Structures are given as structure tokens and as C-alpha cells.
Amino acid sequence: MGGIAPALRGGAMSFRLACALALLAAMSACAGDDEGDVAGAAGSGRAGSGAAGNGPADTFTVAVLPDTQFYACEYAEIFERQTQWIVDQRDARGIGLVVHTGDIVDANVRAQWDVAASSLHLLDNAVPYMLATGNHDVSDGRESLIDDYFVRPDGAAGALAPSPYDPDRFDNTFVTVRLAGQPWLFIGLEFGPRDAVVDWAGEVLAANADVPAVLFTHAYLYSDGSRYDRAVQPLQPYHPDAYAITPELGINDGEDLWRKLIEPHENVRLVLSGHVIPDGTARSVATRASGSRVHQLLANYQQCAQCPCTESEGGGGYLRLLEFDAAERIAVTTYSPHRNAALADDENTFTLDL
Ligand SMILES: [Zn+2]
């Protein structure tokens, strides 16, 4: 992977690691005090990164970008309309964070990362964003060009949080953001997370046990509302095991993540995922032994397996808006800036009571 001088990257890495360790020891050390501030893996100690500081004073909405892979492959203008709309609507809708649930590109090649990066970088210095890698974003060994497009040697990559798990990567990250006046932890995990990544995520959740959390990863929920579970294969196509990405380091499916991370950490309230076609929407509620509940959402509008997927225009530009309120409800809506259309059915417009 080229694109960034090793010496510069090494310097940035040391800084990020130092702040990440400080965060794990005392989250508040890196957190901002003002509403709308974002702290996270790189923290506000990254002086001048300040995209969050430039954001709206009253943030309560998170925009979710599901599988954009066919836009990167064929419909660059749709991808750009999504991110430009988010920037344009930032103040009016109080958008405080953008989350991408993976499959940013269809193939891990420069031509597609060029498209994805040019759209996503429209968010720089406007709205902080987090990326989770999907199966299409990586090659053998989980190698990905993603880092050539989002790591900057000055550490000022918008408010995107470099990973404290692996400072060379941007797909295992967390931030805290104030939404409707209270802090929320967002943690994003790579596709079929490795065992060590799951361990790291557990440490982050434990260190922030009093902060309600949203976890997102590319493959978690299947289209019938059940979690991906290798015990029932082959009933759930596209199970993470089918991709054999670093199997020697562990591949955790939805059931693994529930058992190891989500069930034990009561602060996790919501899980977001994508990946599944053609019926790419589902939602369900999981209940812990303690009686507490976790909402589980799947959204992916691409509808077919091969680019260009002309009938749906690769997904038609639909994105999700999660509007948080002070009573810990989330109003979920689905809208396409490309089509200027909303999806009003109850799979796409609903309210979650947390
Ligand atoms: Zn996928």
C-alpha cells in the first residue's frame, strides 16, 4: 500500500496510540465538553481536526450509509448526492455523525476508491464520519486500499477516527458523540471481526459502561431478522465464513458478536448492519437474560449481486436517518437524495423505544 510516506505515518501512529490509550484509561480525558463535540479513537487531542467543532450546536441525527458499492462502481453521481445532501442538511437536521456500514466499494481497486473517497471527503470539516469495511472493501488477508484514501499524515482526516486497535486501519473505530443532549458511544467493527478485534471492542464497551452504545458492522442481521449464525448454515447466504478472510484469526458472525459482546455489555442498545441482498431490510429485538433489549437493524438497498444493477440504480441512493430524542427514542426514516423520495413502509420508517 502506498500513498503515504512511512515516516509520516509512523509519527501519526505514535500520537494516535497515545491518545487511544489515554481514552481507554479515562474516556473523558479526550472528550469535548460542548454539545456536538466528538471524541474517539483519535480524540479531540488531535488539535485542529475539529470537524465536530464546526458542526451544528444541537446534534440529534445520525446518517447511515448502507452498501454504496455499486455507486463506487457505476453511479458516482449518486454517491456524491448522498454526501453532499448530508452536508447541506447538517444544520437543519442536526446531523452529528455519519456511519457507513460497509461495502463502500464493489472491488478493492483504485478506480472505485477514487470515487468513494471523493464523495466521502465532501464530509470533511462538516460532519464526522466512521467507516466499517465490508467483504468487498478488502482483498486476501484483509488488505485494503482504504487507508491510502483516508489516513492523512497530519492526523486531520475530518473527524474520522483512526483505529486504536490498529492505527494503520480505519475499520475498527469508536467515538462518543452527544445526541439530544447525552453522550452515545458508536463503535464500528470490520467484516466478520477477528477474535482480537472482538476482545478490543469488549474493552472499549467495558471502559464506557455508563454510556449507551450503538455497534455497527457489515454482516450481523439476516433478512428474516435472525442473526447470522454458522450453526444454521447454509440457510443464510453470504455468511461471513463463506469469504474465508483470515480464518486463522477468527471470523465472528452475528451470533458470536451477540454472545461475546452485545449480550454481556448492557450499554449496547442498537446494532446496525448491511450486506444482505436482495431483501435488504429487517429489524428485530433481542432480549438479554437480564431483560434489557437490543434493537437490531439491517438496511441495504442494492438489491442485486452484480454491478451495475441498473433496475435499482445500485440502491437508488437511499440512506437512513436516525433521529435521537432525549427520551431515548430513535425515529428511523429512509430517504434518497438522488430520487428525492422517502420509503414510508414500516420496514423503513419506524420508531425504536430503547
Ligand atoms: Zn457485503
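# A guided tour from the α3–α4 pair to the loop before α7

Begin by selecting helix α3 (residues 76-93) together with helix α4 (residues 110-120), which pack at an angle of about 20 degrees with their axes 8 Å apart. An angle under 35 degrees counts as roughly parallel, so α3 is roughly parallel to α4. Viewed as a crossing, the passage of α3 over α4 is right-handed. To see the contact itself, display Ala76, Phe79, Glu80 and Thr83 on the α3 side and Val115, Ala116, Ser119 and Leu120 on the α4 side. The residues of this contact comprise 5 nonpolar, 2 polar and 1 charged. The model on display is a predicted one.

**The whole chain**

Now zoom out to the full protein, which has 354 residues, 54% of them buried. Colouring by secondary structure will bring up 7 helices and 14 strands. Among contacts between residues at least 6 apart in sequence, 70% join residues at least 24 apart. The next stop supplies individual cases of pairs distant along the chain.

**Arg81 and Gln82 in α3**

Return to α3 and select Arg81, which is located in this helix. Is Arg81 buried or exposed? Arg81 has 20 C-beta neighbours inside 10 Å and therefore counts as buried. Next, select Gly317: its C-alpha atom is separated from that of Arg81 by 7.9 Å, although the two residues are 236 apart along the chain. Beyond its neighbours within four places in sequence, Arg81 is in contact with Gly317, Pro337 and His338.

Move to Gln82, also located in helix α3. Gln82 is buried, because 26 other C-beta atoms lie within 10 Å. A distance of 5.8 Å, C-alpha to C-alpha, separates Gln82 from Pro337, while the two are 255 residues apart in sequence. With residues up to four places away in sequence left out, Gln82 touches Leu65, Gly317, Leu319 and Pro337. Gly317 and Pro337 are thus contacts of Gln82 and are also among those of Arg81.

**The nonpolar core**

Which members of the largest nonpolar core touch the most other members? Select Val64, Val98, Val99, Phe186, Ile187 and Leu215, which hold that position within a core of 88 residues. Centre the view on Leu215 and add Ile187, Leu189, Ile262, Val268 and Val271, the residues Leu215 touches when those up to four places away in sequence are not counted. One of these contacts, Ile262, is a buried residue of α7, which is the next selection.

**Helix α7 and its cover**

Select the buried residues of α7, namely Gly254, Asp256, Leu257, Trp258, Leu261 and Ile262. What covers these buried residues? The cover includes α6 (195-207), β7, β8 (268-273), β9 (281-287) and β10.

**The loop between β7 and α7**

Follow the chain back from α7 (254-262) into the loop that connects it with β7 (213-217), and select Asp229 there. Asp229 has 16 C-beta neighbours inside 10 Å and so counts as partly exposed. Apart from residues up to four places away in sequence, Asp229 touches Asp253, Gly254 and Glu255. Asp256 is 27 residues from Asp229 in sequence and 7.7 Å away in space, C-alpha to C-alpha.

Two backbone features merit inspection in this loop. Most residues other than glycine have a negative phi, and most peptide bonds are trans. Select Gln233 and Pro234, which are joined by a cis peptide bond with omega of about 15 degrees; Pro234 is placed in the loop between β7 and α7. Then select Tyr238, which lies in the loop between β7 and α7 and, although not a glycine, has a positive phi of about 70 degrees. Tyr238 is partly exposed because 15 other C-beta atoms lie within 10 Å.

**The loop between β10 and β11**

For the final stop, move to the loop between β10 (293-299) and β11 (319-324), where Pro308 is found. The peptide bond from Cys307 to Pro308 is cis, its omega being near 20 degrees. Farther along, select Glu313, found in the loop between β10 and β11. Glu313 is not a glycine, yet has a positive phi of about 50 degrees. Where Tyr238 is partly exposed, Glu313 counts as buried, because there are 22 C-beta neighbours inside 10 Å.

Definitions and conventions:
Residues numbered from 1 in each chain as written. Predicted model: local features only at pLDDT ≥ 70, side-chain atom pairs only at ≥ 80, totals over all residues. Core = buried A, V, L, I, M, F, W, Y, C linked by C-beta atoms within 7 Å. Buried ≥ 20, exposed ≤ 12 C-beta atoms within 10 Å, placed from the backbone. Contact = placed C-beta atoms within 7 Å. Helix = DSSP H or I, 4+ residues; strand = E, 2+ residues; numbered from the N terminus. Axes fitted to C-alpha atoms, helices over the stretch in contact; angles between N-to-C directions. Parallel < 35°, antiparallel > 145°, perpendicular 65-115°, else oblique. Left-handed = near helix turned anticlockwise from the far one by under 90°. Nonpolar A, V, L, I, M, F, W, Y, C, P; charged D, E, K, R; others polar.
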